[in-house]
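Here is a short briefing on one protein chain. Look over the sequence and the fold before reading on.

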Amino acid sequence: APVAFQCVVVPSTHAELIPVRREVRAGMYAPLPYVAASGALQLGLTLPLACAALLPPYVLTDLGWASFLPAVTVLAAMLFCYECMGQLLGHVPSVQLGMILYLVACLITVLVCGLFIRQDAVHGPFRLLLHLNPMRDGYTAFTKLAFEASSPYSGAQPCPSCPIRDRIMGLCAALPPIDQLQCDAHSDRFPRGFYCPGQPIIRCFGSTGAQILQVRHSHCACAHNAHPSAYRPRMLAPPQFNPP
């Protein structure tokens, strides 16, 4: 992944610090112009890198091209954050230790971004990692852009608006039990509103990107069709246990 490739930033920054400190002490330039020039160079390189990383998936799959430029911007922002983290770890006296710390930090950010561990399952001081994690909102924004811009999928149909009382009294046509189970189910506390005829509920994800994200959010916290702030965990909140 491009994030792991940025591990080379640590030794390059470590080697660059020696002449920069000597030149700053000699009065050749101030630290602020160096930081500004380095940041401008990073922004100029992360955008082409993000474009090169996302172009093959968009060409080989049916992702909507309307979300390509916003997705490039999101990925470039994530890469810029990891670039800054690599520069920060470049100040570690040992280059090998700085590279190891960078890889460990990347692994931790992936684990707590919502792909493998639900965000509400992180308790105590480890919740600070959620708010310092660029992948948390980055993956959320990318999945939202990729799915909502995709064309509708076939196979799912909207559920008929038939209350249970009218269904029992025979006032409206009843669906087969396997289809009615899908209409009565909820995803992330919201009615599904669709069903796949003759298919089990575990294989039915919907026809639009919003429906797919709503179903997938019950399994993966980084996939949802709401604003990321609606699912941000509270800082240092104690765990809540629901009685059986």
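The notes below cover cores, one helix, the cysteines and a residue late in the chain.

This is a predicted model. Its largest nonpolar core has eleven residues. A search of the whole structure finds zero disulfides.

**Nonpolar cores**
- The largest core is made up of C7, V10, V74, M78, Y82, L89, V92, Y102, C106, C113 and M135.
- Two helices, α4 (68–89) and α5 (95–111), each supply at least two residues of this core.
- The biggest share comes from α4, which gives four residues.
- A separate core of nine residues lies apart from this one. Among its members are A50, Y58, V72 and L79.
- In soluble globular proteins, nonpolar side chains tend to be buried together.

**Contacts of V10**
- V10 belongs to the largest core.
- Neighbours within four places in sequence are left aside here; beyond them, V10 is in contact with G86, L89, G90, V95, G98, M99 and Y102.
- Of these contacts, L89 and Y102 are also listed in the largest core.

**Helix α5**
- How far apart are the end C-alpha atoms of α5? They are 25 Å apart. At 1.5 Å a residue, the 17 residues of α5 should span 24 Å, so the two values agree.
- The buried residues of α5 are G98, Y102, A105, C106 and T109.
- Seen down the helix axis, these buried residues fall within an arc of 100°, so they line one face of α5.
- On the other side of α5, Q96 and L107 are exposed.

**Cysteines**
- A disulfide is a covalent bond between the sulfur atoms of two cysteines.
- The search for such bonds covered the whole structure and found zero.
- C81 is in no disulfide. The nearest cysteine sulfur belongs to C84 and is 6.6 Å away. The cut-off for a disulfide is sulfur atoms within 2.5 Å.
- Is C81 buried, partly exposed or exposed? C81 counts as partly exposed because its relative accessibility is 37%.
- C106 is buried, with a relative accessible area of 8%. C106 is also part of the largest nonpolar core.

**Q214**
- Q214 sits in helix α10, which runs over residues 209–216.
- Q214 counts as buried because its relative accessibility is 16%, and the cut-off for buried is under 20%.
- Q214 and R192 are 22 residues apart along the chain. Their C-alpha atoms are separated by 8.2 Å.

Methods
Residues are numbered from 1 along each chain as its sequence is written. This is a predicted model: local features need pLDDT of at least 70, side-chain atom pairs count only at pLDDT 80 or more; totals for chains, interfaces and linings use all residues. Side-chain values use heavy atoms; hydrogens and water are left out. A nonpolar core is a set of buried Ala, Val, Leu, Ile, Met, Phe, Trp, Tyr and Cys residues joined through side-chain atoms within 4.5 Å. Buried means under 20% relative accessible area, exposed over 50%, partly exposed in between (1.4 Å probe, protein chains only). Contact means heavy atoms within 4.5 Å. The expected span of a helix is 1.5 Å times one less than its number of residues. The arc is that of the directions from the helix axis to the C-beta atoms.
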